[in-house]
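Colleague: I would be grateful for a close look at one part of this model, with attention to how its elements meet and how its side chains are placed. Please take the packing of the helices as the starting point and continue from there to the aromatic residues.

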Amino acid sequence: MTDTNSDTPPSIVTADVVVVGMGIAGACAAIEAAEAGSSVIVLEGASGPGGSSAQSGGEIYLGGGTATQQAVGIEDTVEDMRAFLVAALGPNADEAKIDAYCTGAVEHHDWLVDHGAVFNHKLWDTPTWMPGNDSGLMWMGERAQPYASVATPAARGHRPPAPNFAGNVLMDALVATAEKAGVTLVCDIKARSLIVEDGRVVGVHATEFGAPREYRATGGVVLATGGFVDNERMVEQWAPQQLGKDAVSDGRDDGSGIEMGMEAGAAVRRMHQTETAMLIIPRLVVGGMLVDGNGQRFINEEVYPGLYCHAAVHHRPGPVWVIVDEKGIEDVPESELWGMQPMHAAETIEELAVDCGLPADALADTVRRYNAGAESGEDPAFGKNANWLRPLEPPFGAYPTGAGGPDNFNGLPLKAQGFTLGGLHTDLDSRVLDRAGEPIPGLFAAGRCTHGLHGEGYISGTSLGDGSFFGRRAGRGAAARP
């Protein structure tokens, strides 16, 4: 991959395809365009490639019977994958994009593997944010009700071979593939606006250390610039519920690609949608219960953690606590407990409620009803799997979540964090649409600068999956010269 920073570039550079952003969407777009025979230039604002994708967990949500699933004995179908995603990413998920994604998931898995991705044939079998080893497949809440009644459960979280945050491993592989394909990468450059001539996008105006540059595309321009969680002005305008929360990003999700597209006449879609996460231990949660400020459970604790975090922060009265007992803590491996002990502990649930600022009678009744069901291996309220059910016994403990209540825990901040999910309106071929729903000639986009699969729900792996899948389509579209 050529990095033009070593020499002073000319003020006007022409290529078949110009891609803005080198996260997973931009990398996959660049690879597809280059392999279609196009010359490709990628403009990256940071000093190196990867973007927020490289700082992520690295999960890609794939299914339908991938080779990785088959290797660990997981049976799956396109129909089950589709049904789960429509339910888990909803309400108001984009069913047309989900259908296209699920239909192409097996082929996309194989393409990723052929282009450097590695998914070890090892399954992580318990709830977690990210596996602490090199497992190549993990569950994303598919076994939890109500989703297990909608679709036959199958593990679909495909992972790079590294513990915890593994996005850099995936991105290193894809960037190396782009280099072999002849893609030219220009770093430390800021894309400023699109060049539009006779209604067609034909390039990008940029600045490099203050000097103006012009990158012309004979085929098309692909925007892959990420979301807008780092732009407080845009967050205040479009997704004010995110204000005051920490951003999950590389610090450069400034919404610039979205606003460049809008200046060229693009429509935006679902800009209010965000994903929210909290400092919370999934293995601890699933063995106990989540309660809101009314002392009530509100969700099946076995679902994907992002779903109960979003519900806790945006839809429940605070403070929200994790209520456990001594055995529940002992059952969590030390590597997943992060050394955390309960903030409050008490011999009776009423005493614990007072410490947590919860109504004592209500919390005691919640625990009583939970224990009554657990005695018979049932959860009448939310259908938690019997594998995680047992009566909670004194002494009891409580962990804060960041949804109301204490601001820090064990020296760690409890502030909720997240990212944006809305963006440019694109079709199934990653063409950017104008306000009348018509494609803007020469303009394509993928990743978090677009509205992808999501409705109000979120499952890890659907951002990298959506970005890589539709990034490939954007690259192919831009490479097809008019």
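Modeller: In this predicted model, Lys97, Ala100 and Tyr101 of helix 5 are in contact with Gly465, Asp466, Phe469, Phe470 and Arg473 of helix 17. Sorted by class, the residues of this contact are four nonpolar, one polar and three charged. Helix 5 covers residues 95-103 and helix 17 covers residues 462-479; their axes lie 11 Å apart and enclose an angle of about 85 degrees. Because of that angle, helix 5 is described as roughly perpendicular to helix 17. One side chain of this contact can be described further: Lys97 is placed over the face of Phe470, at 5.8 Å from the ring centre.

Helix 17 also receives helix 6 (residues 105-114), again with an angle of about 85 degrees and axes 11 Å apart. Helix 6 is therefore roughly perpendicular to helix 17. On the side of helix 6 the residues are Glu107, His108 and Trp111, and they meet Gly465, Ser468, Phe469 and Arg472 of helix 17. This contact consists of two nonpolar, three polar and two charged residues. Gly465 and Phe469 of helix 17 thus take part in the contact with helix 5 and in the contact with helix 6.

The aromatic residues come next. A pair of aromatic rings is described by the distance of the centres and the angle of the planes. Across the whole structure, a search yields seven aromatic pairs. In one of them, Tyr399 and Phe409 have ring centres 5.8 Å apart and planes at 85 degrees, so this pair is classed as edge-to-face. Tyr399 belongs to strand 18 (residues 396-400) and Phe409 to strand 19 (residues 408-409), so the pair ties together parts that are 10 residues apart in sequence. Tyr399 has a relative accessible area of 3% and is therefore buried. Phe409 counts as buried as well, because its relative accessibility is 3%.

Phe419 and Tyr458 form an edge-to-face pair too, with 5.2 Å from centre to centre and 75 degrees between the planes. Here the pair links distant parts of the chain, 39 residues apart: Phe419 is in strand 21 (residues 417-420), whereas Tyr458 is in the loop between strand 24 (439-445) and helix 17. Both Phe419 and Tyr458 are buried. Phe419 has a charged neighbour as well, since Arg448 lies over the face of its ring, at 3.6 Å from the ring centre. Elsewhere, Tyr61, Phe84 and Tyr147 make up one aromatic cluster.

Two further residues complete this account. Asn371 is situated in helix 16 (residues 360-375). With a relative accessible area of 15%, Asn371 is buried. Apart from its neighbours within four places in sequence, Asn371 touches Arg390, Pro391 and Leu392. Thr184 is located in strand 8 (residues 184-186), and its relative accessibility of 18% places it among the buried residues. Between Thr184 and Ala30 the separation is 154 residues in sequence and 9.2 Å in space, taken from C-alpha to C-alpha.

Terms used
Residues are numbered from 1 along each chain as its sequence is written. This is a predicted model: local features need pLDDT of at least 70, side-chain atom pairs count only at pLDDT 80 or more; totals for chains, interfaces and linings use all residues. Side-chain values use heavy atoms; hydrogens and water are left out. Axes are lines fitted to C-alpha atoms, for helices over the stretch in contact, and angles run from 0 to 180 degrees between N-to-C directions. Helices (H or I, at least four residues) and strands (E, at least two) are DSSP runs, numbered from the N terminus. Angles under 35 degrees count as roughly parallel, over 145 as roughly antiparallel, 65 to 115 as roughly perpendicular and the rest as oblique. Contact means heavy atoms within 4.5 Å. Ala, Val, Leu, Ile, Met, Phe, Trp, Tyr, Cys and Pro count as nonpolar, Asp, Glu, Lys and Arg as charged, and the others, Gly among them, as polar. Rings of Phe, Tyr and Trp (its six-membered ring) pair if their centres lie within 6.5 Å; planes under 30 degrees apart count as stacked, over 60 as edge-to-face and the rest as tilted. Buried means under 20% relative accessible area, exposed over 50%, partly exposed in between (1.4 Å probe, protein chains only). A charge sits over a ring if NZ of Lys or CZ of Arg is within 6 Å of the ring centre and within 35 degrees of the ring normal.
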